[in-house]
Amino acid sequence: MADAPATSTPSQIPTNLRLLLLVEEVARRGVAVKPAELIDAIGLPKPTIHRLLQTAEAEGFLQRDLDGRSYGLGPRLRALASNVMSSEHLRTARLAILKGLADEVGETCNLATPDREGMTYLDRVETSWPLRIQLPIGTQVPFHCTASGKMYLSSLRPATLNGLISALDLEAKTAQTITSGVDLKEELRLTRQRSYSTDDEEFMVGMAAVAVPILDQQRRLLATLSIHAPVQRHGVTELVSFLAPLKEAAAKLAMLHKNSSTQST
């Protein structure tokens, strides 16, 4: 875990800065956080922390986790992060990387980020083939039956993963969809072992996909990079043969994020 950011002592923290510091601390940790941990990290009194958490939750910047006690990122904060990532200069550079990958593999490339209910497509570059599968930017797809979703699930801590799987509706989208929690956990174990995930017509009949993670400096998953194609052109085995350029593009995207974060500090 990264070192805690340097902050003022509690008595010196301006009232209008306290909520920002609390939200920043939750975002920095990258996992759901209990109030006691925030009290220790920020140093504000327990009643103040609880009041700030209630405000952040009411306004949609934070939301309670499955255990009902911890707090994670809310929809407004995720939307804010998405908007920051989509700023014009960053997006131009990002699209150049995606286009280079799409030109090399000849198939559609997707950048997706985890949301509360599934993975959301942040950016994409379409294949030039007339036969293509349309999943526009902003489309949200399930965790359990997509390459990007399974890549994200494989990055979660065991306790978080178990809670999420028990809460997910493992709906069968096709005859290939994994609908058993036990089978899904085994698939995620294999995903962690090989560092890539697949979708073998599990989300959509006739579509295959492969995904790799984009990691931050703390080796946490920021987003996923995937390619998908109609099985008439490429099945899963053929898509896996594109892993080298896929991982190279993911590394470039991670470096782009690192550089933009460094410049903003």
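**Cores, sheet and helix packing**

Modeller: Of the 27 residues in the largest nonpolar core, the ones that touch the most other members are L101, I214, L225, I227 and L246. The model is a predicted one, and its elements contribute unequally to this core, with α10 giving the largest share, six residues.

Colleague: Which elements give two or more residues to this core?

Modeller: They are the helices α5 (88-105), α9 (236-240) and α10 (243-264), together with the strands β3 (108-114), β4 (119-125), β7 (207-215) and β8 (221-230).

Colleague: What makes a set of residues a nonpolar core?

Modeller: The residues have to be buried, to belong to the nonpolar kinds from Ala to Cys, and to be joined through side-chain atoms within 4.5 Å. I227 illustrates how such a residue is surrounded: beyond its neighbours within four places in sequence, I227 is in contact with L101, V105, T108, C109, A208, A209, V210, L239, F242 and L246. A second core, separate from this one, has 20 residues, and A112, F143, C145 and L161 are among them.

Colleague: How do you know which strands are the edges of the open sheet?

Modeller: The six strands of the sheet follow the order β5-β4-β3-β8-β7-β6, with antiparallel pairing, and β5 (140-141) and β6 are the edge strands, each pairing on one side only.

Colleague: What makes β3 and β8 count as paired strands?

Modeller: Pairing requires at least two bridges found by DSSP, and five bridges join β3 to β8, which run antiparallel; these two strands therefore satisfy the criterion. One residue of β3 links up on both sides, since A112 stands opposite T224 in β8 and has Y121 as its bridge partner in β4. The β3 and β4 pair, also antiparallel, extends over six bridges.

Colleague: Where do the hairpins of this sheet take a positive phi?

Modeller: In the hairpin of β7 and β8, which has five residues between the strands, the residue is R219, with a phi near 65 degrees; the two strands pair in the antiparallel sense over nine bridges, and L215 has L221 as its bridge partner in β8. In the hairpin of β6 and β7, with six residues in between, E201 in the turn has a positive phi of about 55 degrees. Strand β6 (residues 197-200) is antiparallel to β7 over four bridges, and D199 is partnered with A209.

Colleague: Why is β8 called largely enclosed by the rest of the structure?

Modeller: A residue counts as buried when its relative accessible area is under 20%. Nine of the ten residues of β8 are buried, so the strand is largely enclosed by the rest of the structure. Over the chain, 44% of the 265 residues count as buried.

Colleague: Which residues of helix α6 are buried, and why is α6 described as largely enclosed?

Modeller: In α6 (residues 147-154), eight of the eight residues are buried, so the helix is largely enclosed by the rest of the structure. They are A147, S148, G149, K150, M151, Y152, L153 and S154.

Colleague: Why are α6 and α8 called roughly perpendicular?

Modeller: Their axes come within 9 Å and cross at roughly 80 degrees; angles of 65 to 115 degrees count as roughly perpendicular, and the two helices therefore earn the term. On the α6 side the contact is made by K150, M151, L153 and S154, and on the α8 side by L184, E187, L188, T191 and R192.

Colleague: What makes α1 roughly perpendicular to α3?

Modeller: Helix α1 (residues 15-29) packs on helix α3 (residues 46-58) at an angle of about 80 degrees, with the axes 10 Å apart. With 65 to 115 degrees as the range, that makes α1 roughly perpendicular to α3. The contact involves R18, L19, L22 and V23 of α1 and T48, I49, L52, L53, T55 and A56 of α3.

Colleague: Why is L80 called partly exposed, and where does L80 lie?

Modeller: L80 is in helix α4 (residues 75-85). Buried is under 20% and exposed is over 50%, so the relative accessible area of 45% makes L80 partly exposed.

Colleague: Where is the confidence of the predictor below 50?

Modeller: The chain averages a pLDDT of 86, and 88% of the residues score at least 70. Over residues 1-8, however, the pLDDT is below 50, and beyond near neighbours in sequence this stretch has ten contacts in the model.

How values were computed: Residues numbered from 1 in each chain as written. Heavy atoms only, no water. Buried < 20%, exposed > 50% of the residue type's maximum accessible area, 1.4 Å probe, protein only. Contact = heavy atoms within 4.5 Å. pLDDT = per-residue confidence, 0-100. Axes fitted to C-alpha atoms, helices over the stretch in contact; angles between N-to-C directions. Parallel < 35°, antiparallel > 145°, perpendicular 65-115°, else oblique.
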